[in-house]
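Colleague: Please take a close look at the charged side-chain pairs in this model. I would like the pairings, the distances and the exposure of each partner.

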Amino acid sequence: MPALSGSAARARPFLKWAGGKSQLVPEIRKRFPSGLTTGGIVRYIEPFLGSGAVFFHLAQAFSLREYLLLDTNPDLVLTYQTIQKRVEEVIEVLGNMETEYHALSPDGQREYFYRVRDAFNKVGTGTDASAISMPGVVRAAQFLFMNKTCFNGLFRVNSRGLFNVPFGRHRRPTICNASNLRLVSWVLQRAEIRTADFEDCGKFVDDATFVYFDPPYRPLGGAAYFTSYAAAPFNDGEQGRLAALFRKLDARGAKLMMSNSDPKNERAEDDFFEKAYTGFTIERVKARRTINSDATRRGRINELIITNYRHAPGAFPE
């Protein structure tokens, strides 16, 4: 897939996702490794896919040989795979849901949302993603519908793995952006998309690889710990496992970047990441925290960008 010209329509992230990187893409781009333009990097891997904002930007700005996208959330992966392979069916099902939803009263919309949520949870995550069957298309459409109509666009599951975010009271949200979904499908044609643990990416990493890690953020405090993307939480033990993988892949000569929360926003003495990533480049950038159950705790804060290389200022202007 060639890089797009500045005038071409571009695929945008199609999900609202806690920790999504659309707002930070300019800061992340400034810190891209030079091998993206010199030919030293031929493979891009994103082990925590989420909204895919960095992937969509990079894949449309640079022409690489391989893109590997991973996530542990099977429904997220199913949705990406289905848009990749059967986008027109997704658009048809989702478009019909949008038409039905917009025709309802506020109370009717609330009832419609909970019917969709109940149907989604009744089937569970056992839908066969490998074949991308019609039930998979319906499940992907349900996933997209709930993302656009639930509270704050969260994805949260309980200990049984059931989606439990309440209705969001959005009167006329855009639920089916058909033109963007088609662009997304086009960009995804060059990608391999898998349900996998982040450590599994190590099988594909060498010195011609750029890996961008965007894990579930380490909570800044009790109020910030609002959601779980899977039944098993991503705790400090998991953060430590990720730091160990970072060092392992660094030894192979890969170019690595990670985003995470800055605990010093809440506790100046918290040096968790300084200890875990000793010897690597740790930079702080401003970001706006937009998803929090307490509106008073939304606002501009520092976030971390950690790399295993020094970037050249001005090499990748906005």
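Modeller: Start with arginine 31, which is buried at a relative accessible area of 8%. Keep in mind that this is a predicted model. The partner of arginine 31 is glutamate 27. Their side chains meet in a salt bridge, 2.8 Å from N to O. Glutamate 27 is partly exposed, with a relative accessible area of 22%. The cut-off matters here: buried means under 20% relative accessible area. Arginine 31 counts as buried because its value is 8%. Glutamate 27, at 22%, is partly exposed because that value lies between the 20% and 50% limits.

Next comes arginine 241. Its salt bridge is with aspartate 197, and the closest N and O atoms are 2.9 Å apart. This pair links distant parts of the chain, with the two positions 44 residues apart in numbering. Arginine 241 sits in helix H8, residues 236–250. Aspartate 197 sits in the loop between strand E3 (191–195) and strand E4 (209–213). On exposure, arginine 241 is partly exposed, with a relative accessible area of 24%. Aspartate 197 is partly exposed too, at 25% relative accessibility.

Now lysine 275. It forms a salt bridge with aspartate 271. The closest N and O atoms of that pair are 3.7 Å apart. The limit for a salt bridge is 4 Å, so the pair qualifies. Lysine 275 is exposed, with a relative accessible area of 59%. Aspartate 271 is partly exposed, at 29% relative accessibility. There is also a network to check. Salt bridges that share partners join Arg218, Asp236, Arg267, Glu269 and Asp270 into one network.

For the total, the structure holds 20 salt bridges. The three pairs described above are among them.

For an uncharged reference point, look at leucine 76. This residue lies in helix H4, residues 74–102. Leucine 76 is buried, with a relative accessible area of 0%. Set aside its neighbours within four places in sequence, and leucine 76 is in contact with Leu15, Trp17, Gly50, Asp71 and Phe143. Phenylalanine 155 is 79 residues from leucine 76 in sequence. In space, the two are 9.7 Å apart, C-alpha to C-alpha.

Technical notes: Residues are numbered from 1 along each chain as its sequence is written. This is a predicted model: local features need pLDDT of at least 70, side-chain atom pairs count only at pLDDT 80 or more; totals for chains, interfaces and linings use all residues. Side-chain values use heavy atoms; hydrogens and water are left out. Buried means under 20% relative accessible area, exposed over 50%, partly exposed in between (1.4 Å probe, protein chains only). Helices (H or I, at least four residues) and strands (E, at least two) are DSSP runs, numbered from the N terminus. Contact means heavy atoms within 4.5 Å.
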